[in-house]
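Hi everyone, thanks for coming. I'd like to walk you through a structure that may be new to you, so please have a look at it with me.

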Amino acid sequence: MTWSQRLCDDFPQVELYEGTDQPGLFVELWSGLSDDQYRFMRAVRTRKDEYAAEPGAWDGTDPERWAPLKQWVPGGCVKIHIWQFQKVK
């Protein structure tokens, strides 16, 4: 929960929700990200494409401030899912 609070403090464009029927299942809603910002975040968090080597808050590169997100996800990065949605027109 400390990690989640730090995320909300450092990134005002995120809203964080926890599942009421599934405690420990978290959903983040990010507002105002460009397509490139979304792709970068997805890559860094999941380690799946060309940005995979980039450091970030998600992987613990600043251990005094951030612990690696994957440490709380059973199965690690491959179990972190990120999707981008657009408003239906």
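**A walk through the model**

Let me start with one residue: D35 has 41% relative accessibility, so it counts as partly exposed. You'll find D35 in helix α2. Follow the chain on to Q84, 49 residues further along, and the two C-alpha atoms turn out to be separated by 8.6 Å. Please keep in mind that this is a predicted model.

Now let's step back to the whole chain. It has 89 residues, and 25% of them are buried. How many helices and strands does the secondary structure come to? The count is 2 helices and 2 strands. Starting at the N terminus, you meet them in the order α-β-β-α.

Let's go back to helix α2, where there is plenty to look at. M41 is found in this helix, and its relative accessible area is 9%, so M41 is buried. R45 also has its place in α2. Is R45 buried or exposed? With a relative accessible area of 6%, R45 is buried; the cut-off for that word is under 20%.

Both of these residues can be paired with I82. From M41 to I82 there are 41 residues in sequence, while the C-alpha atoms are 8.7 Å apart in space. For R45 and I82, the separation is 37 residues along the sequence and 8.6 Å from C-alpha to C-alpha.

Next, salt bridges. A search of the whole structure turns up 1. Which residue does R39 pair with? The partner is D36, and the closest N and O atoms of the two are 2.5 Å apart. R39 and D36 both sit in helix α2, 3 residues apart, which is about one turn of the helix. As for their surroundings, R39 has a relative accessibility of 32%, so it counts as partly exposed. D36, at 47%, counts as partly exposed too.

Let's move to the surface. Here Y17, V27 and L29 form a nonpolar patch, and together they have about 270 Å² of accessible area. L29 belongs to strand β2. Why does L29 count as partly exposed? Its relative accessibility is 42%, and partly exposed runs between the 20% and 50% cut-offs.

Finally, the pockets. A quick word on the idea: rolling a probe the size of a water molecule over the atoms shows where empty space is left. In this model the largest pocket has a volume of about 1,100 Å³. It is lined by 31 residues, and the closest to its centre are F26, V27, E28, R45 and H81. You've heard two of those names already: V27 from the nonpolar patch, and R45 from helix α2.

Where does the lining come from? Four elements each supply at least two residues: α1 (2–10), β1 (14–18), β2 (26–30) and α2 (35–46). Which of them gives the largest share? That is β2, with 5 residues. Sorted by class, the lining has 19 nonpolar, 7 polar and 5 charged residues.

To wrap up, here are the things I'd look for on the screen. Find helix α2 with the R39 and D36 salt bridge, then the patch of Y17, V27 and L29 on the surface, and then the largest pocket with F26, V27, E28, R45 and H81 closest to its centre. Thanks for listening, and I'm happy to take questions.

Methods: Residues are numbered from 1 along each chain as its sequence is written. This is a predicted model: local features need pLDDT of at least 70, side-chain atom pairs count only at pLDDT 80 or more; totals for chains, interfaces and linings use all residues. Side-chain values use heavy atoms; hydrogens and water are left out. On a 1 Å grid over the protein atoms alone, a cavity is a set of points where a 1.4 Å probe fits but cannot get out, and a pocket is an open set with protein on both sides within 12 Å along at least five of seven lines; lining residues have an atom within 4 Å of a point. Grid points are joined across faces, edges and corners, and a volume is the space filled by probe spheres set on the points. Ala, Val, Leu, Ile, Met, Phe, Trp, Tyr, Cys and Pro count as nonpolar, Asp, Glu, Lys and Arg as charged, and the others, Gly among them, as polar. A salt bridge is a side-chain nitrogen of Lys or Arg within 4 Å of a carboxyl oxygen of Asp or Glu. Buried means under 20% relative accessible area, exposed over 50%, partly exposed in between (1.4 Å probe, protein chains only). Patches are made of residues with over 30% relative accessible area and no salt bridge: like charges are joined within 9 Å, nonpolar side chains (Val, Leu, Ile, Met, Phe, Trp, Tyr) within 5 Å. Accessible areas come from the Shrake-Rupley method with a 1.4 Å probe; for residues, only the protein chains shown count as cover.
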